[in-house]
Structure formats: C-alpha cells, structure tokens
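Biologist: I would like to go through the sheet and the helix packing. Please show me the model.

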Amino acid sequence: MSLFGVRLDGTRSGLIKSFLEDNYVCAGDHVIGNLESSGREDIRSALVASGAYQEQELELEEALSSLDTFVNVMQDGDYVLIADEEWVYLGDLGDYFYDARQESVEGGTAHRRGVTWLKSLPRTAVNSAVQALLASDQEVTRYSGVLPAARMDLWLADSSAGDMETAHSPARVDEATIAEALAVLKAALHSPDAERRERAAAAILHYAK
C-alpha cells in the first residue's frame with residue numbers, strides 16, 4: 001500500500017469539483033494517447049514524439065516521472081491525496097484508464113484513475129508529512145515515509161492540537177455513559193453490516209488507546 005499526492009495547478013485547479021463528483025483523478029498530457037500497456041521508456045518515446053518537449057530536457061523528465069508514476073507505479077488499492085486552498089481529500093485509487101472523449105478538454109483529463117473518496121480534512125489540520133507531500137513540485141509524488149497498517153484517515157490529522165486539548169481539559173463524559181456507549185459498540189460488532197462492524201471496532205480500539 002502506498003500514498004501519492006497529485007498536485008492540481010493551472011487549468012486543473014478548477015477541476016477538483018469534477019474529480020470529487022465523478023470519482024476520478026487525472027495527470028499527464030493527453031496528446032500522447034493511451035498508455036495502458038506502456039512502460040517507462042514507451043512513455044518517454046511518446047513524449048518525445050509529441051514534439052511538446054523539444055530542447056526542454058528538464059520538463060521532459062518531470063513529465064515522464066509524473067506519467068510513469070501515475071500509469072505504472074500507482075496500483076489499485078493505493079491512496080491518493082488532492083487539495084485545494086482550504087481542504088485536503090483522501091481517496092482509494094482504482095486502475096488506470098484512458099478516456100479518449102476527454103482529449104479536447106482544457107488541461108488534459110484523458111489519463112485517469114478511478115477514485116473512491118474517503119475523507120476530507122481542513123488543510124490546516126493535516127500532519128506535517130501530508131503538508132510536505134502536498135507542497136511537492138512534482139505533479140504526482142509518492143510518499144516515502146512509513147504509513148500506518150490501517151485507518152489511513154486517522155493518520156492524516158495533526159494530533160498535537162487534539163492531544164493538547166485533552167491534556168488540559170476536564171473529562172466531559174461520566175463513566176456510566178462511557179460504559180453504555182461501549183456496550184452499544186460491542187453490540188455493533190455483530191451487525192450484519194460490514195462497514196458498521198468496522199467502524200465499531202475502530203472506535204473501540206481508539207478508545208482502548
């Protein structure tokens with residue numbers, strides 16, 4: 001499992017609403033066609049043949065790195081982060097596909113991966129590792145640090161503010177209410193709804209910490 005940041009700037013900065021509503025994210029230049037079966041050198045050849053990077057070796061390498069990561073390094077089940085000025089969005093990635101109908105769209109949105117969006121968070125509330133990933137100059141960047149084995153959505157947040165508040169605030173819930181709430185969560189562990197069971201288990205484990 002890996003985490004990637006996709007930077008949205010220029011013409012693509014206005015597409016975030018489409019990404020969230022239509023459940024996808026895009027990268028790269030649409031003028032080089034479908035890359036579904038293309039390795040890194042195939043992508044390089046396609047970029048060179050497009051003529052868009054003549055005497056622009058640095059730009060060529062940056063485009064190659066982002067597209068190769070998007071097409072070949074990202075895998076179904078990995079995670080992706082995108083952000084606007086105020087919010088960060090976490091999603092579960094699907095497979096790469098090429099949508100030829102989008103070739104003429106400004107900014108190029110033909111190179112796509114489906115995304116199941118999982119969580120949104122104020123940009124000011126995410127942890128320093130996420131802040132650094134979102135600040136990358138690359139269009140697509142792979143996070144190089146250690147990720148949690150589960151509940152990526154909990155890892156995103158900067159816990160320092162919450163920890164400080166807990167340390168300096170009196171308990172707001174009495175023990176009887178806590179016991180009652182735990183009983184409800186334990187009952188939910190046997191629910192036929194898998195998502196409800198998972199949420200209940202996560203809540204109990206979080207409380208146990």
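Modeller: Two strands pair if DSSP finds at least two bridges between them. Strands (E, at least two residues) and helices (H or I, at least four) are DSSP runs, numbered from the N terminus. This is a predicted model, where local features need pLDDT of at least 70, side-chain atom pairs count only at 80 or more, and totals for chains, interfaces and linings use all residues. Residues are numbered from 1 along each chain as its sequence is written, and side-chain values use heavy atoms, without hydrogens and water.

Biologist: How many bridges pair strand 4 and strand 5?

Modeller: Strand 4 covers residues 87–98. One facing pair is Gly-91 and Trp-117 of strand 5. The two strands run antiparallel, and the bridges number 10.

Biologist: In what order do the 6 strands form the sheet?

Modeller: The sheet is open, with mixed pairing. Strand 2 and strand 6 each have a single partner strand, so they stand at the edges. Strand 1 and strand 3 run parallel, joined by 3 bridges. The order is 2-5-4-3-1-6.

Biologist: Are helix 2 and helix 3 parallel or oblique to each other?

Modeller: Their axes, lines fitted to C-alpha atoms over the stretch in contact, with angles from 0 to 180 degrees between N-to-C directions, come within 9 Å and cross at roughly 135°. Angles under 35 degrees count as roughly parallel, over 145 as roughly antiparallel, 65 to 115 as roughly perpendicular and the rest as oblique. Helix 2 and helix 3 are therefore oblique.
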